[in-house]
Amino acid sequence: MSLRGFSAASARREFALLRTRPWDLAMVSWVPLLAVFLIWWIFSAGLPERLPIGVLDQDHSSLSRQLVRFLDATPGLRVVQRYGDEGEMARALTSGAVDAAVQLPRDLSRDVKQGRVGQVVLLHNAQLGTHSSLIQRDVRTAVATVSGGVELTVRNKRGESMTAARVSMEPIKASMVALFNTSTDYEQFLGAALIPALLHILAMTAGAWAVGRELRDRSIGEWLGAAPRWHEALAALAGKLALPFASLSAVAIAAMLWITAGRGWHPVGSLGWTLFALVVFLALSIALGAFAAALTRSLRTALSATGFITAPAFAFGGVGFPLVAMPFFAQIWAGLLPYTHYIRVQMEQLQMGAPVVYSVATPLWMVLGTGVLLAASAGALVRAAGAPGSWGGR
């Protein structure tokens, strides 16, 4: 039989197995599709808005009421509770009824009128990093707006023109220019990064499961024959992995096309090269799972290796926490994970609009890595086929 025959026969056998095992089929078909949809749905709002906060107004002045109105008018905040005392405010914060609380102390208006600095207190939970930073930004903006209005009014009453007052209030002004993700859209930034991380887990699991179940079920002889040669095992392995690869690649391409063009986001970089890198990344993930199963001859061990490699990949990828700020050994571990290198390509192309030449090397190295892993897996399978005593391990 030709190598193409070995590959086609293996693919037909895998398809027949998947038809009789609906949960195996689900793992490479509708489950990834549903998981990707849930991630997109979670981040589809793009920007967190109307985060609930409470207000304790102890001043009850026109200034404090103006501050409350500005807080509620800020797109990122929503004043949902007003408290009568500090105990009520503390209970609301402890129970999680609000994400933060703003305290406007007594004599706030009097201090401002007498030329002293009025204090507005923001109580927030810094454990919720995203909530905390967004609330701090919006509260600071609202307070600065009211404070600036008060200062302009005072200076104008003293005979200073509005233009001169604005200049004297801010003689040096910082101009901050966002180069990438200018809208701070979490769908584009975080959702688009989590989808490949999720598919990385599913792809490596699919590769480990496809090979590992043959060893677990003692059916490797039926799959490869009694004494397969290396090139025959390689062709059979390619045929077996072709179906999960095609299915997961289709899900990945559809997801990335939807989250970009489908959502009105037109990246300035190369979407086509990003899709190629994603497909190669999934191929590498599947090959890595198959290699773990073929090397260990144990489905359980291969799945454990899958979790060890893929579960922390996003945390070490440099998206949620800066890679350069990690300890030395954490940076080494991050450099060994395939996701770290793929997500760099995606960010360069979709977020930064970098020239394609900056992102050429990584997918090509992944193609080489996939070939090496498949070749090594075929060699391990040849040895496993000749050792029936090692079959049946869980």
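Where is the place of Arg218? In this predicted model, Arg218 belongs to the loop between α9 (186–216) and α10 (220–224), and although Arg218 is a residue other than glycine, its phi has a positive value near 60°. A comparable backbone feature is found at Asp107, which is not a glycine either and has a positive phi of about 65°. Asp107 is located in the loop between β3 (100–104) and α6 (108–113), and because its relative accessible area is 34%, Asp107 is described as partly exposed.

The loop that holds Arg218 leads into α10 (220–224), and Ile220 is one of the residues that connect this region to the interior. Of the 69 residues in the largest nonpolar core, Ile220 is listed together with Leu199, Tyr339 and Leu381 as touching the most other members. Two or more residues are given to this core by each of α3 (30–43), α9, α10, α11, α12, α13 (299–310), α15 and α16, and the greatest contribution comes from α12, with 16 residues. A second core, separate from this one, consists of 18 residues, among them Leu63, Leu77, Leu108 and Leu134. When neighbours within four places in sequence are left aside, the contacts of Ile220 are Glu214, Leu215, Gly225, Leu381, Ala384, Ala385 and Trp391.

Three of these partners, Leu381, Ala384 and Ala385, are also listed among the buried residues of α16. The 25 residues of this helix (residues 361–385) should span 36 Å at 1.5 Å a residue, and the separation of its end C-alpha atoms, 36 Å, agrees with that expectation. The buried residues of α16 are Pro363, Met366, Thr370, Leu373, Ser377, Ala378, Gly379, Ala380, Leu381, Ala384 and Ala385, and the elements that cover them include α9, α10, α11 (230–259), α12 (271–296) and α15 (338–351).

The packing of α15 was examined against two helices, α16 and α9. Two packed helices are described by the angle between their axes and the distance between the axes. For α15 and α16, the axes come within 9 Å and cross at roughly 145°, and the crossing is left-handed. On the α15 side the contact is made by Pro338, His341, Tyr342 and Val345, and on the α16 side by Thr362, Pro363 and Met366; by class, this contact has five nonpolar and two polar residues, with no charged residues. Of the α16 residues involved, Pro363 and Met366 also appear in the list of buried positions of that helix.

For α9 and α15, the axes come within 11 Å and again cross at roughly 145°, but here the crossing is right-handed. The contact draws on Gln188, Phe189, Ala192, Ala193, Pro196, Ala197 and His200 of α9, and on Pro338, Tyr339, Tyr342, Ile343, Gln346 and Gln351 of α15. Its composition by class is nine nonpolar, four polar and no charged residues. Pro338 and Tyr342 take part in this contact with α9 and are likewise named in the contact of α15 with α16.

Ile343, which lies in helix α15, counts as buried because its relative accessibility is 1%. Apart from neighbours within four places in sequence, Ile343 is in contact with Ala193, Gly317 and Val319, and Ala193 is one of the α9 residues that make the contact with α15. Ile343 and Ile42 are 301 residues apart in sequence, whereas their C-alpha atoms are 20 Å apart in space.

Two further positions illustrate how separation along the chain and separation in space may be set side by side. Asp185 lies in the loop between α8 (162–169) and α9, and its relative accessible area of 15% is under the 20% limit, so Asp185 is classed as buried. Beyond its neighbours within four places in sequence, Asp185 is in contact with Gly46 and Leu47, while Asp185 and Ala233, 48 residues apart in sequence, are 47 Å apart in space, C-alpha to C-alpha. Arg300, found in helix α13, is by contrast exposed, because its relative accessible area is 58%, and its C-alpha atom is separated by 34 Å from that of Val324, 24 residues apart from Arg300 along the chain.

Methods:
Residues are numbered from 1 along each chain as its sequence is written. This is a predicted model: local features need pLDDT of at least 70, side-chain atom pairs count only at pLDDT 80 or more; totals for chains, interfaces and linings use all residues. Side-chain values use heavy atoms; hydrogens and water are left out. Helices (H or I, at least four residues) and strands (E, at least two) are DSSP runs, numbered from the N terminus. Buried means under 20% relative accessible area, exposed over 50%, partly exposed in between (1.4 Å probe, protein chains only). The expected span of a helix is 1.5 Å times one less than its number of residues. Contact means heavy atoms within 4.5 Å. A nonpolar core is a set of buried Ala, Val, Leu, Ile, Met, Phe, Trp, Tyr and Cys residues joined through side-chain atoms within 4.5 Å. Axes are lines fitted to C-alpha atoms, for helices over the stretch in contact, and angles run from 0 to 180 degrees between N-to-C directions. A crossing is left-handed if the near helix is turned anticlockwise from the far one by less than a right angle, and right-handed if clockwise. Ala, Val, Leu, Ile, Met, Phe, Trp, Tyr, Cys and Pro count as nonpolar, Asp, Glu, Lys and Arg as charged, and the others, Gly among them, as polar.
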